[in-house]
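Me: Could you take a close look at one part of this structure for me, the packing of its interior? I'd like a connected account that I can follow residue by residue.

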Amino acid sequence: MGSILIKQAELITMNKEEESFVGDLLIEGTTIKAIGSNLGDVGADKVIDGRGRTVIPGFVQTHIHLCQTAFRGKGDDLELMDWLQKRIWPLEAAHDEESIYYSAMLGIGELIQSGTTSIVDMETVHHTDSAFQAISQTGIRALAGKVMMDKGTEVPKALQENTQQSIQESVDLLEKWHNYDQGRIQYAFTPRFVVSCTEPLLKEVQALSDHYQVKVHTHASENRGEIEIVQAETGMRNVVYLDHLGLANERLILAHCVWLDEQEKKILKDRGVKVTHCPGSNLKLASGIAEIPDLLSQDIAVSLGADGAPCNNNLDMFNEMRLAALIQKPVHGPTSMDARTVFRMATLGGAKAIGLDHEIGSLEVGKKADIAILNLNDFHTYPSFDVDTISRIVYSATRADVETTIINGKIVMENRIMKTLDKQLVLSESNRVMKRLVKRLPKIS
């Protein structure tokens with residue numbers, strides 16, 4: 001892997017001082033080697049003319065379901081439990097190795113195209129190795145794991161697991177993929193949510209997370225009906241129950257957290273639990289609006305994620321940033337979620353959630369070269385004079401403005417051309433595999 005010099009671009013560093021300036025950025029191998037106002041001729045293998053371009057840290061999305069990308073449009077206009085039981089679980093049960101692979105490739109292509117360089121991915125019960133193969137080939141940075149489900153009468157038979165089998169398959173995947181490619185791929189234990197997991201499974205996940213020192217990624221408090229089920233079965237609310245089991249700690253990443261009480265918020269703060277806000281998904285499934293300004297005011301770590309294509313219909317961080325900023329303003333005021341706060345959540349906040357803020361999330365010497373280059377020279381982003389660039393990115397920019405994406409020092413998209421996957425092949429194959437899945441499920445339309 002050689003060197004890349006980006007010349008005279010606007011650099012949005014997100015370093016400690018959150019500096020922005022026009023200058024050069026030098027990449028050597030996987031790492032940012034130098035940043036300066038003018039680095040001169042350093043003999044780089046490749047030089048990118050950055051004039052008129054804006055360079056940002058790659059987005060970090062901390063809740064994604066690559067296995068569901070092929071289901072885009074198949075779960076519209078339903079609330080969470082109906083969405084799961086009537087559409088998503090039957091479709092996941094129909095997956096095979098090939099369909100998982102192309103679903104993952106489709107999602108990764110979309111993510112790279114919109115400037116996302118790192119994801120926290122929750123797969124389904126089976127064929128997770130195929131998703132890891134796609135992650136490996138495309139170059140995206142990922143913390144991912146196989147979903148674990150050993151409980152639930154509404155769960156299709158093909159998704160019902162034996163507890164020990166679920167645990168063993170998870171450990172086998174961890175031992176194969178954790179720290180692959182010098183840590184670009186990491187493993188997380190991913191029990192789906194309390195509703196579909198027995199207490200013995202969750203206790204074992206806690207023990208294994210402690211043993212291997214790896215993350216746990218699950219859903220919690222997304223929907224009021226879900227909370228009622230958990231309370232009826234355990235006598236506790238979601239976060240209280242997870243804390244009771246010892247899972248609430250700095251390694252836990254909780255998706256959604258829409259409906260929390262004060263006790264749960266205190267647990268999140270005291271234990272260092274990380275929260276992923278998924279505004280697009282929460283709105284589409286009518287789950288509610290998470291109290292993000294309150295969580296941030298209590299110094300609870302919050303990052304952003306698009307969730308899955310069938311509950312959002314896109315995996316676009318620009319969409320999530322804009323929604324995250326706008327949905328709070330009618331209740332909490334116009335400054336409650338300002339553009340800089342939201343942009344920070346999408347970059348450095350995501351890096352902190354996965355414990356990689358020392359490596360990614362900002363443009364700093366010594367950090368990994370995970371970068372998106374934007375072209376903000378268009379009608380929808382002008383005038384640019386005397387306008388804060390971060391505000392332009394959060395409120396005006398779109399994924400079509402991402403010109404080039406670099407991950408781990410490797411160009412994975414250049415001038416909108418994908419470099420690590422065949423776009424037309426992925427598009428055609430995603431249609432083919434979905435046609436096969438739907439034929440297995442004649443009631444799903």
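Reply: Happy to. Let's start at L254: leaving aside residues up to four places away in sequence, L254 touches T218, A220, V239, L242, L268, V273, K274, V275 and T276. Please keep in mind that this is a predicted model.

L254 also has a place in a wider setting. The largest nonpolar core holds 117 residues, and L254 is listed with I135, F189, M321 and F343 as the members that touch the most other members. Helix 2, residues 97-113, supplies nine residues, the largest share of this core. In soluble globular proteins, nonpolar side chains tend to be buried together. There is also a second, separate core of 15 residues, with L25, I32, L363 and I371 among them.

From the main core, two helices are worth following, and I'll take helix 2 before the other. Its partner is helix 16, residues 423-440: the two axes come within 9 Å and cross at roughly 140°. An angle over 145 degrees would count as roughly antiparallel, and the crossing of helix 2 and helix 16 therefore counts as oblique. Its handedness is left-handed. On the helix 2 side, the contact is made by E98, S99, Y102, M105, L106 and Q113. Facing them in helix 16 are K423, L425, V426, L427, E429, S430, R432, V433, R436 and L437. By type, this contact has eight nonpolar, three polar and five charged residues.

The other helix brings us back to I135, one of the residues named for the most contacts within the core. I135 is a buried residue of helix 3, as are T128, S130, A131, F132, A134, S136 and T138. Helix 3 spans residues 128-138, and because eight of its eleven residues are buried, the rest of the structure largely encloses it. Just past the end of helix 3, G139 adopts a positive phi of about 90°.

Helix 3 has a helical partner too, helix 4, residues 163-177. Their axes come within 11 Å and cross at roughly 20°, so the two helices are roughly parallel to each other. This crossing is right-handed. T128, D129, F132, Q133 and S136 of helix 3 meet L173, K176 and W177 of helix 4. Here the contact divides into three nonpolar, three polar and two charged residues. Of the helix 3 residues in this contact, T128, F132 and S136 also appear among its buried residues.

Conventions:
Residues are numbered from 1 along each chain as its sequence is written. This is a predicted model: local features need pLDDT of at least 70, side-chain atom pairs count only at pLDDT 80 or more; totals for chains, interfaces and linings use all residues. Side-chain values use heavy atoms; hydrogens and water are left out. A nonpolar core is a set of buried Ala, Val, Leu, Ile, Met, Phe, Trp, Tyr and Cys residues joined through side-chain atoms within 4.5 Å. Buried means under 20% relative accessible area, exposed over 50%, partly exposed in between (1.4 Å probe, protein chains only). Helices (H or I, at least four residues) and strands (E, at least two) are DSSP runs, numbered from the N terminus. Contact means heavy atoms within 4.5 Å. Axes are lines fitted to C-alpha atoms, for helices over the stretch in contact, and angles run from 0 to 180 degrees between N-to-C directions. Angles under 35 degrees count as roughly parallel, over 145 as roughly antiparallel, 65 to 115 as roughly perpendicular and the rest as oblique. A crossing is left-handed if the near helix is turned anticlockwise from the far one by less than a right angle, and right-handed if clockwise. Ala, Val, Leu, Ile, Met, Phe, Trp, Tyr, Cys and Pro count as nonpolar, Asp, Glu, Lys and Arg as charged, and the others, Gly among them, as polar.
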